[in-house]
Amino acid sequence: MKKKEESQLINLFVVGVLMVIASFLYPMARPLRLMGVMAIVIGIVPFLYGTLSEKKRHSRAKISEIDEMKGYEFERYIVFLLLNNGYQNVSDTGEGPDQGVDVRATKEGVTYGIQCKRWKKRVGNKAVQEIHAGKDFYKLDRGGIVVTNNYFTNSAKQLAKKLKIELWDRDDLMKMIEKIPISK
């Protein structure tokens, strides 16, 4: 579910809650109660279903399915992976301009920025440069991490080593996937 759709559902939920409250406060507004309850249900059910089905899909994802994800879907999948691999306060920066950081997360008191690249080819220097720039923009504790479903060029590896950027390639991704319990 996209951010705009989520926002609209949350707004509908809030309006429903306000309608129910109004129906108790103002006797003339009693007919609003049923409409309010309906708005709450319409607002929350798709949101919960989307969240639960996304978790189920992610827990069963194979690397071949990850290879076919869209960029934003891959970012959401990385959020899921991080949450299931000991990271806390994990959040994506949304679908808009991200200043080099797609996901932020904390582990053992250290805040990381993660640049996600779901690419069909090897990832080069640009991704390393982006996360390095994002470090200052987001005031991160560490330089960051670039994660991909593919591998990195030698040049990207050299630059990452110099800038102290962690690189997680396809093999690292598969190791993280293996640690996830499968949801039923």
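**Notebook: contacts, a surface patch and helix α7**

I began with contacts. In the protein chain, of the contacts with a separation of 6 or more, 55% join residues 24 or more positions apart. I noted that this is a predicted model.

Next I listed the elements. I found 7 helices and 5 strands in the protein chain. From the N terminus, I read the order as α-α-α-α-β-β-β-α-β-α-β-α.

Then I checked burial. The protein chain has 184 residues, and 41% of them count as buried. Its exposed area is about 11300 Å². Carbon and sulfur atoms supply 59% of that area.

**Entry: the nonpolar patch**

Which residues form a nonpolar patch on the surface? I got I10, F13, V14, L18, I21, L25, Y26 and I44. Together they have about 730 Å² of accessible area. I asked which helix gives the most to the patch. Helix α1, residues 3–25, does, with 6 residues.

I looked up two patch members one by one. L18 sits in helix α1. Its relative accessibility is 53%, so L18 counts as exposed, the cut-off being over 50%. I also took a distance from L18 to R33. The two are 15 residues apart in sequence, and their C-alpha atoms lie 9.4 Å apart in space.

Y26 is in the loop between α1 and α2, the latter being residues 32–60. Is Y26 buried or exposed? Y26 counts as exposed, because its relative accessibility is 53%.

**Entry: helix α7**

I moved on to α7, residues 170–178. Which of its residues are buried? I noted R170, L173, M176 and I177. These residues lie on the same side of α7, because they cover an arc of only 120 degrees around the axis. I kept the general rule beside this: an α-helix has 3.6 residues a turn, so residues three or four places apart point the same way.

I then turned to the other side of α7. K175 and E178 are exposed there.

What do the buried residues of α7 pack against? I found two helices and two strands: α3 (63–67) and α4 (71–83), then β4 (145–148) and β5 (166–168).

Last, I looked at the N-terminal end of α7. D169 caps this end. A side-chain oxygen of D169 lies 3.0 Å from the backbone nitrogen of D171.

**Recap**

I have two sites on file. One is the nonpolar patch, to which α1 gives the most residues. The other is α7, with R170, L173, M176 and I177 buried and with K175 and E178 exposed on the other side.

Note on methods: Residues numbered from 1 in each chain as written. Predicted model: local features only at pLDDT ≥ 70, side-chain atom pairs only at ≥ 80, totals over all residues. Heavy atoms only, no water. Helix = DSSP H or I, 4+ residues; strand = E, 2+ residues; numbered from the N terminus. Buried < 20%, exposed > 50% of the residue type's maximum accessible area, 1.4 Å probe, protein only. Contact = heavy atoms within 4.5 Å. Areas by Shrake-Rupley, 256 points an atom, 1.4 Å probe, with all protein chains shown as cover. Patch = residues over 30% accessible without salt bridge, like charges linked within 9 Å, V, L, I, M, F, W, Y side chains within 5 Å. Salt bridge = Lys/Arg side-chain N within 4 Å of Asp/Glu carboxyl O. Arc of directions from axis to C-beta. Polar contact = N/O pair within 3.5 Å; in protein donor to acceptor, adjacent residues only side chain to side chain.
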